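Here are my notes on the structure, written as numbered points. Please read them with the sequence and the coordinates open.

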Protein chains: 2
Amino acid sequence: MTASVARTDTSTSPRKRAGNGAALREDVDDIGLDALVGHAGYAVRRFQLWIFQDFIKTLGDVDIRPTQYSVLTVIGANPGLSQMAVAKRLGIERARLVHLLDSLEQRRLVKRIKSKTDRRSHALHLTAQGDTALAKFKRLAAAHERHVEEKIGKANREQLLQILACFT
Amino acid sequence: MTASVARTDTSTSPRKRAGNGAALREDVDDIGLDALVGHAGYAVRRFQLWIFQDFIKTLGDVDIRPTQYSVLTVIGANPGLSQMAVAKRLGIERARLVHLLDSLEQRRLVKRIKSKTDRRSHALHLTAQGDTALAKFKRLAAAHERHVEEKIGKANREQLLQILACFT
DNA sequence: TATTGTTATACTCTATAACTATA
DNA sequence: TATAGTTATAGAGTATAACAATA
């Protein structure tokens, strides 16, 4: 099943070429992806690299990364959640959420409040500061989302969200 | 811009509930994502987690991960590439590719051959063993791709590949 | 000077396992 | 006994910087 490849080795490209018989190909634009072209996972991985880089850059001034943003957003919309509930909802390991919350708590954006019904649990809340900060983060995230729209097109972005809705 | 939220707190769900006034919400199905719903990056991240997990599981018997597969495929389709060329084409750090190739070379799937035109470079080739192994990996990867198709639908998968083609 | 492959370091993320205090 | 939060560890993955050999 070696899949008729899109090698397109159009022999004499205008760029540098390891000319004299030695087996070294250097020309990046010339390199075919073969089977990778048909793999959704490959395209999705490359897209995610781009999208996360843009998110990190766009929210660079406020030093908020995608995972931190998702945690803040969910807590903001669902005050009083336990750490387990947040971890499960976002598909984050509970062990990792501990450190994420440590950092967010040190920055006074989130507070852990001991639950009275289950003394093992913490009820998570935004601080007042966290609430106003999140509003700003959301504006920046919306700007990032517009970058995505510019990159792939408004209609395509909508389509994408629809296709992937079952994973959220 | 607090975006009218899809909290849908339909009060009395059939599942357990922190009943008596204490501020603890536990019910995972009840938790709204708020602004995350509108973010392509969030959907893409969740999708990628699923897709990579399925890939790793489907190619578990042969112990090949997505990045290893992409490296083997590109070398197979473009024998003689330098490490820099592979790294650039796949968006991998050249420092990381060193370790990836160390592992693939130890498994006798790939060999580094000193270039005669540029003595700094290695020309990368599959071994005979690597070539037959890759054929098997491709069959398994095709099975994985069918899982994707089953999960999101044939038409949606095609759409996705088209939308994201500019990132490959 | 610049580039290729390499080594090293650090930080993020994922995946576990084990511990404690509760339930 | 099971669960919530925590701590610790190990392996990927990402991002750098620096070095030797070579261009």
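1. In this predicted model, helix α5(A) passes helix α6(A) in a right-handed crossing. The contact draws on E145(A), V148(A), E149(A) and I152(A) from α5(A), and on K154(A), N156(A), R157(A) and L160(A) from α6(A). Sorted by class, these residues of the α5(A) contact with α6(A) are three nonpolar, one polar and four charged.

2. As for the geometry of that pair, helix α5 spans residues 128–152 of chain A and helix α6 spans residues 154–163 of chain A. Their axes come within 6 Å and cross at roughly 110°. Because of that angle, α5(A) is roughly perpendicular to α6(A).

3. Helix α5(A) also packs with α1(A), at an angle of about 145° and with the axes 9 Å apart. The crossing of α1(A) and α5(A) is right-handed. On the α1(A) side the contact is made by F47(A), W50(A), I51(A), D54(A), F55(A) and T58(A). On the α5(A) side, the residues are L140(A), A141(A), A143(A), H144(A), H147(A), V148(A), K151(A) and I152(A). By class, the contact between α1(A) and α5(A) has nine nonpolar, three polar and two charged residues.

4. A further partner of α5(A) is helix α2 of chain A, residues 66–77. The axes of α2(A) and α5(A) come within 11 Å and cross at roughly 125°, which means that α2(A) is oblique to α5(A). This crossing of α2(A) and α5(A) is left-handed. Here Y69(A), L72(A), T73(A) and G76(A) in α2(A) meet L134(A), F137(A), K138(A) and A141(A) in α5(A). The class count for the contact of α2(A) with α5(A) is five nonpolar, two polar and one charged.

5. Residues of α5(A) recur across these contacts. V148(A) and I152(A) take part in the contact with α6(A), and V148(A) and I152(A) are also listed for the contact with α1(A). A141(A) is among the α5(A) residues that contact α1(A), and A141(A) also belongs to the group that meets α2(A).

6. Turning to the nucleic acid, which residues come nearest to DNA strand D? Of the 21 residues around strand D, they are Q83(A), M84(A), R112(A), R120(A) and R96(B). Of the strand D atoms within 4 Å of the protein, 70% belong to sugar or phosphate, and the rest belong to bases. The residues of the surface near strand D divide into five nonpolar, six polar and ten charged.

7. Individual atom pairs can be checked on strand D. A polar backbone atom of M84(A) is 2.6 Å from a phosphate oxygen of DNA strand D, and a polar backbone atom of H122(A) is 3.2 Å from a phosphate oxygen of that strand. For S121(A), an N or O atom in the side chain is 3.4 Å from a sugar or linking oxygen of strand D. The elements giving two or more residues to the surface near strand D are α1 (40–58), α3 (83–90) and α4 (94–106) of chain A, together with α4 (94–106) of chain B.

8. For DNA strand C, there are 21 residues around the strand, of which R96(A), Q83(B), M84(B), R112(B) and R120(B) come nearest. Sugar and phosphate account for 69% of the strand C atoms that come within 4 Å of the protein. The surface near strand C is made up of five nonpolar, six polar and ten charged residues.

9. The atom pairs on strand C include both chains. From chain A, a backbone N or O atom of R119(A) lies 3.0 Å from a phosphate oxygen of DNA strand C. From chain B, an N or O atom in the side chain of Q83(B) is 2.9 Å from a phosphate oxygen of strand C, and a polar side-chain atom of R112(B) lies 2.7 Å from a phosphate oxygen of strand C. At least two residues of the surface near strand C come from each of α4 of chain A and α1 (40–58), α3 (83–90) and α4 of chain B.

Conventions:
Residues are numbered from 1 along each chain as its sequence is written. Chains are lettered from A and ligands numbered from 1 in the order in which they are written. This is a predicted model: local features need pLDDT of at least 70, side-chain atom pairs count only at pLDDT 80 or more; totals for chains, interfaces and linings use all residues. Side-chain values use heavy atoms; hydrogens and water are left out. Axes are lines fitted to C-alpha atoms, for helices over the stretch in contact, and angles run from 0 to 180 degrees between N-to-C directions. Helices (H or I, at least four residues) and strands (E, at least two) are DSSP runs, numbered from the N terminus. Angles under 35 degrees count as roughly parallel, over 145 as roughly antiparallel, 65 to 115 as roughly perpendicular and the rest as oblique. A crossing is left-handed if the near helix is turned anticlockwise from the far one by less than a right angle, and right-handed if clockwise. Contact means heavy atoms within 4.5 Å. Ala, Val, Leu, Ile, Met, Phe, Trp, Tyr, Cys and Pro count as nonpolar, Asp, Glu, Lys and Arg as charged, and the others, Gly among them, as polar. A residue is near a molecule or strand if one of its heavy atoms lies within 4 Å of it. A polar contact is a pair of N or O atoms within 3.5 Å; within protein, one must be able to donate a hydrogen and the other to accept it, and residues adjacent in sequence count only if both atoms are side-chain atoms.
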